[in-house]
Amino acid sequence: MLKSREDLKNRRSLYAKALESQTAKILVCAGTGCVAGGSLEIFDTLKAMIETRDIPCSIELEEEDNGDSVGLKKSGCHGFCEIGPLVRIEPQGWLYVKVKQEDCEEIIDQTILKGEHIERLAYRKNGDICKKQDEIPFYKKQTRHVLQHCGQIDATSINEYLALGGYSGLEKALFDMTGDEIIDEISESGLRGRGGGGFPVGRKWGQVKKQTEPQKYVVCNGDEGDPGAFMDRSIMEGDPHSVLEGMMIAGLSCGADQGYLYVRAEYPLAVSRLQTAIEQATELGLLGEQILGTDFSFYLHINQGAGAFVCGEGSALTASIEGKRGMPRVKPPRTVENGLFNKPTVLNNVETFANIPLIIRNGNDWYRSIGSERSPGTKAFALTGNIVNTGLIEVPMGTTLREVIFDIGGGMRDGGTFKGVQIGGPSGGCLTEKDLDLPLGFDSLKEAGAMIGSGGLVVMDDKTCMVEVARFFMNFTQNESCGKCVPCREGTKRMLGILERIVSGLGEEGDIELLLELADTVSATSLCGLGKTAALPVISTIENFRSEYEAHIREKRCPAGACSKLKRIEIDPELCRGCSKCTKVCPVTAISGKIKEPFVIDQEKCIKCGACIPTCPFQAISEV
Amino acid sequence: MSHKFDSYTIDEIIDEFGAQPSSVIAILQGVQEKHRYLPKEYFPHIAKRLGVSEASLYSVATFYENFSLEPKGKYVLKVCDGTACHVRKSIPILDRLRSELNLSEEKCTTDDLSFTLETVSCLGACGLAPVLTVNDKVYPAMTPDKASELLKQLKEGLVDA
């Protein structure tokens, strides 16, 4: 139990020494991606091998580590899930990719015992071998501050977090700063909310502090519902203490003693890591009553979402924590005055809170030196879609889309050409070739008709149909509309109906105008962000790809060749030898015929999945 | 399927989260974790203990996607149809599984209660797209064929999920 500033400092230096004295460290990535690839089994195998070989090893960082042991740890997400499971070797900084259980023996014998690099496990790019993480092009252009610990430390150990300067932001705020000074520091840093709106964080905290009501709350929005975004998931899994520390500093600055973390149910690993972190911090006395011997008390609770996208909206989220249907309400009063349990509430998202300890520790000048003037700092993005390198990245604001997609993302996969990028998920817009040199920032994107949103970047190639993309997002928003406002509930349904007609070849003249008219109404008359932005994907795809809409409507043709209802799959009777191979893969038994005679596809039954095409040894099946 | 009312376990769940209206969601999640769905028979008791109306319990249970008032299968398969999985062709996987299990958009659970097939909007495992989960275990980089194989293994009890 830490009772004073001295206690905290002592513990930190004790563990810093212990961490430094470990001869080697093996960090096995235990983010959702690598776990799915079997990283936990790799961890267990390594552990068993170390034990049978009698190598001194510490699974948990102990203060008495005396310099001859190997540290074996589960780290958070490295962000480059595609080449997982990842194993990182320190102090060399080597990164082994696509590690399998069979590789464990070699890792122990070659790398740990002899200190030799295993070339075949290294990342390769065009024949070049990248030993270290920083040598990999995916990481080269990144600036990792918020994600700095992800992949580098044991995500389940508060001691490692402390050893690397953890909770020194809280320490500084607690002993050297007043509430107003904390808020000033955050205001001057220019930090803007990372959840989508980009509201200045310091101003928000100041408004909460001003309220006379004695009970206040800090709420962390971990309901990262945008499909294609997983920045917050990785932070919660990989560096949970940074979120806790940020929330505590927020509580300290504005006089709140209760904090709630609202995490979506689809992130079970994040929930368990946060739970562990809270238990550890409470045990050490960094959470609870009279923290480090001061008057400041702070308690944290975790609430799990139950599958409602709209709960990412502030007032819906607080309603959900209160145990109600998560429906947004009319504002004002705003959350800062009347939030959780009708009390003044600081509500920020995970990435925002994770920035706070860094700003307090390093000062606002440091923070302002990163990024662009109106959007300082870095931003994490989830880079996905038809791109070579998918994963989680962090870049300074002001980086261009071109750098993100082509330098970090490595360009398009499978030889496709770049067509567009959806930014900000279902509430965002679609950017195209002409926007590639746009610097990423809250305001620059807004001007381009998109928004940064929470940071999902889904890159699409020329085989992606933009009308279908708009339909996909509209389907999502329509499903997730809470039903409170008629324009959103009915308007999204009508828009979805029209889009479904268009992609099935039943579009009519005037549909585009009707879509735009509905878009206008839904945007103007809905209460919350979900409804207000629901039409953005439709508007921006019409603006950028109007000709694709027109081809669907007028020529009943999908220029990208993606809309299944607009294509036919046929067997060329000249080429077909009647081997019946194709019938075996057809999921709907649409193909029939006599052996050694040409087979035919029943177009009524065919779902155009294309599964039969590659099975034909005579290339007789094709899309027409 | 009717459920035998077991107030003892229900009380245990309620006491774990506290008998107050704000615990409704956590309690329903606890009940669902135990039974894989929310048996309606429990509602009067929960409502009474929390001091809320049964109607308000229903309002919460029907609002959130994760709650089910119908029994679910032993294996719950969720095909991710988030943006990243969608553009990397998740729908053919869903179609294949639906046809092999004789399920549809309306009918999600097999009659013998062994499989439930659903879609989910994003699991945050976009780097491994397309993915599906079986009782929360993530299976990466799926194809229709790999999904069929997985299904076969589940049916034969070769993998535990």
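A residue counts as buried here if 20 or more other C-beta atoms lie within 10 Å of its own. Keep that cut-off in mind for the tour. The model is a predicted one.

**Stop 1: a bent helix in chain A**

Select residues 350-368 of chain A, which form helix α14. Colour its buried residues: A:V350, A:E351, A:T352, A:F353, A:A354, A:N355, A:I356, A:P357, A:L358, A:I359, A:I360 and A:Y367. Now look at the ends of α14(A). Its end C-alpha atoms span only 20 Å. A straight helix of 19 residues would span 27 Å, at 1.5 Å a residue. Where does α14(A) bend? Centre on A:N362: the bend there is about 110°.

**Stop 2: the domains of chain A**

Zoom out and colour chain A by its domain assignment. Domain 1 covers 5-158, and domain 2 covers 178-368. Domain 3 takes 378-461, domain 4 takes 466-554, and domain 5 takes 568-623. Pick out domain 2 and domain 5 of chain A. Their centres, taken over C-alpha atoms, are separated by 56 Å.

**Stop 3: strand β3 of chain A**

Select residues 70-75 of chain A, which make up strand β3. Five of the six residues are buried, so the strand is largely enclosed by the rest of the structure. Add residues 24-29, strand β1 of chain A. Strand β1 pairs with β3(A) in the parallel sense, over six bridges. To see one partnership, show A:I26 and A:L72; A:L72 is the bridge partner of A:I26 in β3(A).

Next add residues 57-58, strand β2 of chain A. Strand β2 also runs parallel to β3(A), joined by two bridges. Show A:C57, then find A:V70 standing opposite in β3(A).

**Stop 4: a glycine in helix α20**

Go to A:G529. Helix α20 of chain A, residues 529-533, holds this glycine. Is A:G529 buried or exposed? A:G529 has 20 other C-beta atoms within 10 Å, so it is buried. Leave aside residues up to four places away in sequence, and A:G529 touches A:E313 and A:S427. Then draw a distance from A:G529 to A:R471. The two are 58 residues apart in sequence and 19 Å apart in space, C-alpha to C-alpha.

**Stop 5: where chain A meets chain B**

Show both chains and select the residues in contact. There are 42 from chain A and 37 from chain B. On the chain A side, four elements each supply at least two residues: α2 (32-36), β12 (378-385), β16 (456-461) and α17 (466-480). Colour that side by residue class. It divides into 20 nonpolar, 16 polar and six charged residues.

**Stop 6: chain B**

Hide chain A. Chain B has seven helices and four strands. Trace the chain along its sequence and the pattern is α-α-α-α-β-α-α-β-β-β-α. The C-alpha atoms of chain B fill a box of roughly 50 × 30 × 25 Å, taken along the principal axes.

Of its 161 residues, 39% count as buried. Turn to contacts in chain B with a separation of 6 or more: residues 24 or more positions apart account for 63% of them.

Finish by colouring the two domains of chain B. Domain 1 runs over 7-63 and domain 2 over 75-155. What separates their centres, taken over C-alpha atoms? For domain 1 and domain 2 of chain B, the separation is 29 Å.

How values were computed:
Residues are numbered from 1 along each chain as its sequence is written. Chains are lettered from A and ligands numbered from 1 in the order in which they are written. This is a predicted model: local features need pLDDT of at least 70, side-chain atom pairs count only at pLDDT 80 or more; totals for chains, interfaces and linings use all residues. A residue is buried if 20 or more other C-beta atoms lie within 10 Å of its own, exposed if 12 or fewer, and partly exposed in between; C-beta atoms are placed from the backbone. Two residues are in contact if their C-beta atoms, placed from the backbone, lie within 7 Å. Ala, Val, Leu, Ile, Met, Phe, Trp, Tyr, Cys and Pro count as nonpolar, Asp, Glu, Lys and Arg as charged, and the others, Gly among them, as polar. The expected span of a helix is 1.5 Å times one less than its number of residues. The bend at a residue is the angle between axes fitted to the seven residues ending there and the seven starting there. Domain bounds come from an automatic or database domain assignment. Two strands pair if DSSP finds at least two bridges between them.
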